[in-house]
Amino acid sequence: MSTQKNTDSSRSEEMSEKDQKEKKQTKENKNDHQHSVNLAIIGGVVGAGVGLFANPETSKRAIRNLGESEFVKMAGEEFKKTAQEVLARQAQTAIRQLAAGYIDETTQELSGSKKETNGSEDYSSDAKYEEIKSENKNLNERLERIEKMLTNLVNSN
């Protein structure tokens, strides 16, 4: 009786493995079929578009209708806003990186000049420090003005 149970369990395991394989193949076939249908639809749309634009009269009419469409106008405006926002962010990032690099470079120069003096009072380095400090202040003010201008540009559109 125990051998019969073992063979029954091994048969049920074999059946379950076969069922799983069949289910997997069925899913793959459905996915392949869906993929083929999607490709056929895309091909039909592309073919219709090519056919429509192959004739000069219909292509002019289609382009004119698209140009007058509210949907296309709104999509164009949204695209324009998005592009301006992306460009503004990129410009702000580039300016910040440039300013940060300049500040780091200036800081390194200052720390290098202080090491060279070895603690002795050097009035020329103090003057240089003040000059760099005022230049840094001017750069920060310009950066803020540019950021405001970019923000105003994005908000105005």
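**Figure 1. Gln92, tucked into helix H3.** In this predicted model, Gln92 sits in helix H3 and counts as buried, because its relative accessibility is just 16% and the cut-off for buried is under 20%. Leaving aside residues up to four places away in sequence, Gln92 touches Glu147, Leu150 and Thr151. One of these partners, Glu147, belongs to helix H4, so keep an eye on that residue for the next view.

**Figure 2. Glu147, a buried acid in helix H4.** Glu147 lies in helix H4, which covers residues 123-156. Is Glu147 buried or exposed? Its relative accessible area is 18%, so Glu147 goes down as buried. Setting aside residues up to four places away in sequence, Glu147 touches Gln92 and Arg96. With Arg96 there is also a polar contact between the side chains, at 3.1 Å.

**Figure 3. The Arg96–Glu147 salt bridge.** The side chains of Arg96 and Glu147 meet in a salt bridge, with N to O at 3.1 Å. Arg96 comes from helix H3 and Glu147 from helix H4, so this pair ties together parts that are 51 residues apart in sequence. How exposed are the two ends? Arg96 is partly exposed, since its relative accessible area is 45%, whereas Glu147 is buried at 18%. A search of the whole structure turns up 2 salt bridges, and the other view of this kind comes next.

**Figure 4. Arg89 and Glu85, a salt bridge inside helix H3.** Arg89 pairs with Glu85 in a salt bridge whose closest N and O atoms are 3.8 Å apart. Why does the spacing suit a helix? Arg89 and Glu85 are 4 residues apart in helix H3, so about one helical turn separates them. As a general point, an α-helix has 3.6 residues a turn, so residues three or four places apart point the same way. Both partners fall in the middle accessibility class: Arg89 is partly exposed at 49% relative accessibility, and Glu85 is partly exposed with a relative accessible area of 34%.

**Figure 5. Two long-range pairs along the chain.** Ile146 is placed in helix H4 and counts as partly exposed, because its relative accessibility is 32%. Its C-alpha atom is 8.9 Å from that of Ile95, although the two residues are 51 apart along the chain. Leu87, found in helix H3, makes the second pair: C-alpha to C-alpha, Leu87 and Val154 are 9.5 Å apart in space and 67 residues apart in sequence. Leu87 itself is exposed, because its relative accessibility is 55% and exposed means over 50%.

**Figure 6. Helix H2 and its cap.** How does the span of helix H2 compare with what 1.5 Å a residue predicts? H2 takes in 13 residues, 56-68, so it should span 18 Å, and its end C-alpha atoms are indeed 18 Å apart. At the N-terminal end of H2, Asn55 acts as the cap: one of its side-chain oxygens lies 3.3 Å from the backbone nitrogen of Glu57.

**Figure 7. A nonpolar patch on the surface.** Leu52, Phe53, Ile63, Leu66, Phe71 and Val72 make a nonpolar surface patch of about 590 Å². Which helices contribute? Helix H1 (2-54), H2 and helix H3 (70-117) each supply at least two residues of the patch. Take Ile63 as an example: its place is in helix H2, and it counts as exposed because its relative accessibility is 53%.

**Figure 8. Zooming back out to the whole chain.** How many helices and strands does the chain have? The count is 4 helices and 0 strands, and from the N terminus on the elements run α-α-α-α. Of the 157 residues, 10% count as buried; Gln92 and Glu147 are among the buried ones. The accessible surface comes to about 13400 Å², with 55% of that belonging to carbon and sulfur atoms. As for contacts between residues at least 6 apart in sequence, 65% join residues at least 24 apart.

Technical notes:
Residues are numbered from 1 along each chain as its sequence is written. This is a predicted model: local features need pLDDT of at least 70, side-chain atom pairs count only at pLDDT 80 or more; totals for chains, interfaces and linings use all residues. Side-chain values use heavy atoms; hydrogens and water are left out. The expected span of a helix is 1.5 Å times one less than its number of residues. A polar contact is a pair of N or O atoms within 3.5 Å; within protein, one must be able to donate a hydrogen and the other to accept it, and residues adjacent in sequence count only if both atoms are side-chain atoms. Patches are made of residues with over 30% relative accessible area and no salt bridge: like charges are joined within 9 Å, nonpolar side chains (Val, Leu, Ile, Met, Phe, Trp, Tyr) within 5 Å. Accessible areas come from the Shrake-Rupley method with a 1.4 Å probe; for residues, only the protein chains shown count as cover. A salt bridge is a side-chain nitrogen of Lys or Arg within 4 Å of a carboxyl oxygen of Asp or Glu. Buried means under 20% relative accessible area, exposed over 50%, partly exposed in between (1.4 Å probe, protein chains only). Contact means heavy atoms within 4.5 Å.
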